[in-house]
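The exercises below ask you to read a protein model step by step, with a worked solution after each task. Please keep the sequence and the structure in view while you work.

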Amino acid sequence: MSAPGANLKINADRLWDSLMEMAKIGPGVAGGNNRQTVTDEDAEGRALFQKWCEDAGMTMGVDTMGTMFMRREGTDPDALPVYVGSHLDTQPTGGKYDGVLGVLGGLEIIRTMNDLGIKTKHPIVVTNWTNEEGTRFAPAMLASGVFAGMHTQDWAYAKTDAEGKTFGDELARIGWKGDEEVGARKMHAFFELHIEQGPILEAEGVDIGVVTHGQGLSWTQITVTGKDAHTGSTPMPMRKNAGLCMARILDLVDEIAWSHAPHAVGAAGHIDVYPNSRNVIPGKVVFTVDFRSPDLAVIEDMEAKLRDGAEQIADTMGMEIAFEKVGGFDPVEFDEGCVRAVRNAAERLGLSHMDIISGAGHDACWINRVAPTAMVMCPCVDGLSHNEAEEITKEWAEAGANVLMHAVIETAEIV
């Protein structure tokens, strides 16, 4: 297949203006966005995206999970489409770029191709996956997970938010429950552009992250049971302090993650202490240990070391301990050919690049199970994301979208 010329570039001002226009829908309180999945704000953002795509000559399909597929025809009606996209939903205190850059970067590819009269053999489909964030309705990457056969649609529809509303009912309420069977589409390839959500690219002064792998994840919920007692009148030798037991286990978690440096990480982000009173020794704690690594064997080793070590700590302290695996997914190795297309695009455009492992989950991680997939990453300021202060530069967005365009057009075969 022939590669597009190095002078082929997107319209950076138009991409940036689109990002800023979308950010007006569901504004946050501190400059970011609150456009959570299947809310009225989500519906408004979808409608704007639909209008822009249809203005660019694309046709829309929507599946029964609400995922939007905006298609630009190719010259071969029998050729499988090349898909590109990400998500428009945000965290409750999310930024303007997480997910959105990947969707509107896909739209900008089509606009640029229209401007220049570029045709491809394969159709190109720009995709907005429903509920990637998983904040309102857990888990994350919900629609792409159903698409890839990881979840059933009935299970997804039954997920509830904090108010007890179901995903299926809310999707229907906002008018974005399509009629297309989820997962029926076949893909030639899928590409996703995303901000890094980490500090590596900015710290290294590198334009483009060529994502070769996605980290696997393991969530283990641990319950330690000791004994509530008065903090002032209970002698130290007679205490069964569940909080202290947790602290020692968390020190172990840190030690385990460091033992698999540099790519493994581990911490506990969710912690509940009971009764959580100033003058009561904690009688019970419930916390979730989050281990991540691009190597499944490493994850399994960390899980085993955690269980063995935590049991020893609890036994020594006279505590009861229970473990429950509450979440996780295996590491992802992205398609060699698609990754090569991303790397070649960066080199063709004269952009600095480095191989990188995604520390977060993305729709691409599920789609990789059913189609050749790769990701492009651009830096974000201080690696900050899932925060209204999330920021990128126009130049970073432009570089990422240009690499995305070259990889997509090369894969879709320019004619």
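A residue is called buried when its relative accessible area is under 20%, and exposed when that area is over 50%. The model used here is a predicted one.

**Exercise 1. Backbone angles**

Task: Decide whether valine 38 is buried or exposed, and do the same for asparagine 276.

Solution: Begin with the backbone, where valine 38 has a positive phi of about 45° although it is not a glycine. Most residues other than glycine have a negative phi. Next, locate valine 38, which lies in the loop between α1 and α2 (40–55). Its relative accessibility is 0%, and because buried means under 20%, valine 38 counts as buried.

Now turn to asparagine 276, which also is not a glycine and has a positive phi of about 60°. Asparagine 276 is found in the loop between β9 and β10 (280–281). With a relative accessibility of 63%, asparagine 276 counts as exposed.

**Exercise 2. Cis peptide bonds**

Task: Find where proline 139 and proline 262 are located, and describe the peptide bond that leads to each of them.

Solution: Most peptide bonds are trans. The bond from alanine 138 to proline 139, however, is cis, with omega near 5°, and proline 139 sits in the loop between β4 and α4. The bond from alanine 261 to proline 262 is cis as well, with omega near 5°, and proline 262 belongs to the loop between α8 and β9.

**Exercise 3. Aromatic pairs**

Task: Classify the pair formed by the rings of tryptophan 16 and tyrosine 97, and then the pair formed by tryptophan 129 and phenylalanine 190.

Solution: The structure holds 9 aromatic pairs, and two of them are treated here. For tryptophan 16 and tyrosine 97, the ring centres are 5.7 Å apart and the planes stand at 25°, so the pair is stacked, given that planes under 30 degrees apart count as stacked. Because tryptophan 16 lies in helix α1 (residues 12–23) and tyrosine 97 in the loop between β3 (82–86) and α3 (100–116), this pair ties together parts that are 81 residues apart in sequence. Tryptophan 16 is buried at a relative accessible area of 15%, and tyrosine 97 is buried at 1%.

For tryptophan 129 and phenylalanine 190, the centres are 6.1 Å apart and the planes are at 80°, so the pair is edge-to-face. Tryptophan 129, in the loop between β4 (124–128) and α4 (142–147), is 61 residues apart from phenylalanine 190 in strand β5 (residues 189–195). Tryptophan 129 counts as buried at 1% relative accessibility, and phenylalanine 190 is buried with a relative accessible area of 0%. Both residues belong to one aromatic cluster, formed by Phe69, Tyr83, Trp129, Phe147 and Phe190.

**Exercise 4. A sheet and its helix**

Task: Which strands are the edge strands of the open sheet β9-β11-β7-β12, and which helix lies across it?

Solution: First note that the sheet has 4 strands in the order β9-β11-β7-β12, with antiparallel pairing. The strands that pair on one side only are β9 (265–274) and β12 (320–329), and these are the edge strands. The twist averages 15° from one strand to the next. Looking at one pairing in detail, β9 and strand β11 (residues 284–293) are joined over 9 bridges, and histidine 270 stands opposite threonine 288 in β11. Finally, helix α8 (residues 242–258) lies across β7 (216–225), β9, β11 and β12, and runs at about 5° to β11.

Definitions and conventions. Residues are numbered from 1 along each chain as its sequence is written. This is a predicted model: local features need pLDDT of at least 70, side-chain atom pairs count only at pLDDT 80 or more; totals for chains, interfaces and linings use all residues. Side-chain values use heavy atoms; hydrogens and water are left out. Two strands pair if DSSP finds at least two bridges between them. Helices (H or I, at least four residues) and strands (E, at least two) are DSSP runs, numbered from the N terminus. Axes are lines fitted to C-alpha atoms, for helices over the stretch in contact, and angles run from 0 to 180 degrees between N-to-C directions. Contact means heavy atoms within 4.5 Å. Rings of Phe, Tyr and Trp (its six-membered ring) pair if their centres lie within 6.5 Å; planes under 30 degrees apart count as stacked, over 60 as edge-to-face and the rest as tilted. Buried means under 20% relative accessible area, exposed over 50%, partly exposed in between (1.4 Å probe, protein chains only).
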